[in-house]
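Student: Please take a close look at one helix in this structure and at what packs against that helix.

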Amino acid sequence: MNSDNNLYSAILSTRKASDDGSLVVYNLTKGIDFSNPKKVADALSTVFFENDATKWFKVTGDHIEFLPKYKVRVLLSEEHSKLMTETVNDFLRDLKEKEVSKKFSNQIGDISTNEEKMRTAVGLAAIGSFLNKPFQRKDDKIEIEDQIFTEMLGSLEVRTPSDQDLIDWENLPI
């Protein structure tokens with residue numbers, strides 16, 4: 001646990017905001033050990049979500065609004081491209097499956113339940129909705145998580161110092 005706290009602190013210490021506040025950069029090109037990409041990805045998703053992504057959302061009851069005031073850029077070295085690819089993929093997966101799901105679980109559950117109730121009020125759809133109720137509710141929750149996640153990606157960049165995009169847009173965890 002101590003090494004996880006050290007990694008969290010090391011990543012947080014790389015966080016720098018621009019003078020005008022329009023960009024936050026996590027420069028992970030030096031000082032971070034990428035020998036365990038999953039640990040780095042987990043720590044990065046926690047640091048990013050707690051310090052930045054949560055500020056991008058306004059939650060009112062069951063309503064979630066995405067209102068980013070700045071972008072975040074994560075810089076990763078080009079030296080270990082396979083490890084970087086693994087780290088980025090794990091980071092995005094952790095971000096969606098752990099952070100988004102955990103932070104907005106009540107709202108996601110309430111939204112999907114309300115959508116299900118609306119469907120059941122519509123003629124023949126009520127029968128299908130009743131028969132598929134457990135499956136439909138899960139699909140609704142995943143769809144809402146995917147929407148929140150993809151909205152965040154509009155304000156998040158993962159790049160190399162030479163400006164190469166490291167997000168595999170064709171294989172996002174959605």
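Tutor: What follows is an account of helix 2 and its surroundings. This is a predicted model, in which local features need pLDDT of at least 70 and side-chain atom pairs count only at pLDDT 80 or more, while totals for chains, interfaces and linings use all residues. Numbering starts from 1 along each chain as its sequence is written, and side-chain values use heavy atoms, with hydrogens and water left out.

Helix 2 covers residues 37–51; helices are DSSP runs (H or I, at least four residues), numbered from the N terminus. Its 15 residues should span 21 Å at 1.5 Å a residue, and the end C-alpha atoms are 21 Å apart, which agrees; the expected span is 1.5 Å times one less than the number of residues. Of the 15 residues, 11 are buried (under 20% relative accessible area, 1.4 Å probe, protein chains only). Among them are Pro-37, Ala-41, Leu-44 and Phe-48.

One partner is helix 1, residues 2–13, which packs against helix 2 at an angle of about 55 degrees with the axes 9 Å apart. The two are therefore oblique to each other (neither under 35 degrees, nor over 145, nor 65 to 115). Residues of helix 1 including Leu-7, Tyr-8 and Ile-11 meet residues of helix 2 that include Val-40, Ala-43 and Val-47; contact means heavy atoms within 4.5 Å. By class, this contact has eight nonpolar, three polar and three charged residues.

Asp-90, in helix 3 (residues 81–103), is also in contact with Pro-37, Lys-38 and Ala-41, leaving aside neighbours within four places in sequence. Asp-90 is buried, with a relative accessible area of 7%.

Note on methods:
Buried means under 20% relative accessible area, exposed over 50%, partly exposed in between (1.4 Å probe, protein chains only). Axes are lines fitted to C-alpha atoms, for helices over the stretch in contact, and angles run from 0 to 180 degrees between N-to-C directions. Ala, Val, Leu, Ile, Met, Phe, Trp, Tyr, Cys and Pro count as nonpolar, Asp, Glu, Lys and Arg as charged, and the others, Gly among them, as polar.
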